[in-house]
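Hello,

Here is the structure for you to look through. My notes follow below.

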Amino acid sequence: MKKEKTVDFHIKWGWHAISRMYNAYASRFGITMAIGYVLLNVDLEEGTPATKIGPLLGMEPRSLVRMLKSLEERGLIRREVDGNDKRFVRIYLTDEGKAKREMARDGVIQFNNMIRERIPLDKLVVFFDVMKEINKMVEEENIKIKATESEELSLE
């Protein structure tokens, strides 16, 4: 099968194009797409537990730790020990972080508006349905793989 005929090729190809566009947009404000996504996923009022950010973005713990350290050094976030449970650290945006978040938010809105202007709603509805189904199938497959790995480990 040629790569151009595979589903994953088109998903990855599309995502890389979007990623390049977002990075070009974000670089005008001294951030990256990844930084923008972190900032967009921090609750403005309550802050966000550091442990919740990684899964929201599909980041590995080590990458997240490096990212949060970098954001803190740049003055975009601050960390505070959770008032109710001292084991947790909450991430809050600084004023500078909030300003960069708004820039990232504007970029996402502009892109989505452009898509909605050029692609009819009925096609977008089908696209969203297909992507939900693909994600569901991938999650089911991941569960099967993890179960098989667990069985193999217990047999050893």
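In these notes Ala, Val, Leu, Ile, Met, Phe, Trp, Tyr, Cys and Pro count as nonpolar, Asp, Glu, Lys and Arg as charged, and the others, Gly among them, as polar. The model is predicted, so local features need pLDDT of at least 70 and side-chain atom pairs pLDDT 80 or more, while totals for chains, interfaces and linings use all residues. Residues are numbered from 1 along each chain as its sequence is written, and side-chain values use heavy atoms, with hydrogens and water left out.

Cavity: a cavity is a set of points on a 1 Å grid over the protein atoms alone where a 1.4 Å probe fits but cannot get out, and lining residues have an atom within 4 Å of a point. Points are joined across faces, edges and corners, and volume is the space filled by probe spheres set on them. There is one cavity of 30 Å³ or more, and the largest has a volume of about 100 Å³. Its lining includes Tyr22, Met33, Leu40 and Val108. The lining divides into nine nonpolar residues, three polar and no charged. Helices (H or I, at least four residues) and strands (E, at least two) are DSSP runs, numbered from the N terminus. α1 (7-27), α2 (33-40) and α5 (95-118) each supply at least two lining residues; α2 gives the largest share, four.

Sheet: three strands form an open sheet in the order β1-β3-β2, with antiparallel pairing. β1 (48-49) and β2 (77-81) are at the edges, each with a single partner strand, so one side of each has no neighbour in the sheet. Strands pair if DSSP finds at least two bridges between them; β2 and β3 (residues 89-93) have five.

Regards

Conventions
On a 1 Å grid over the protein atoms alone, a cavity is a set of points where a 1.4 Å probe fits but cannot get out, and a pocket is an open set with protein on both sides within 12 Å along at least five of seven lines; lining residues have an atom within 4 Å of a point.
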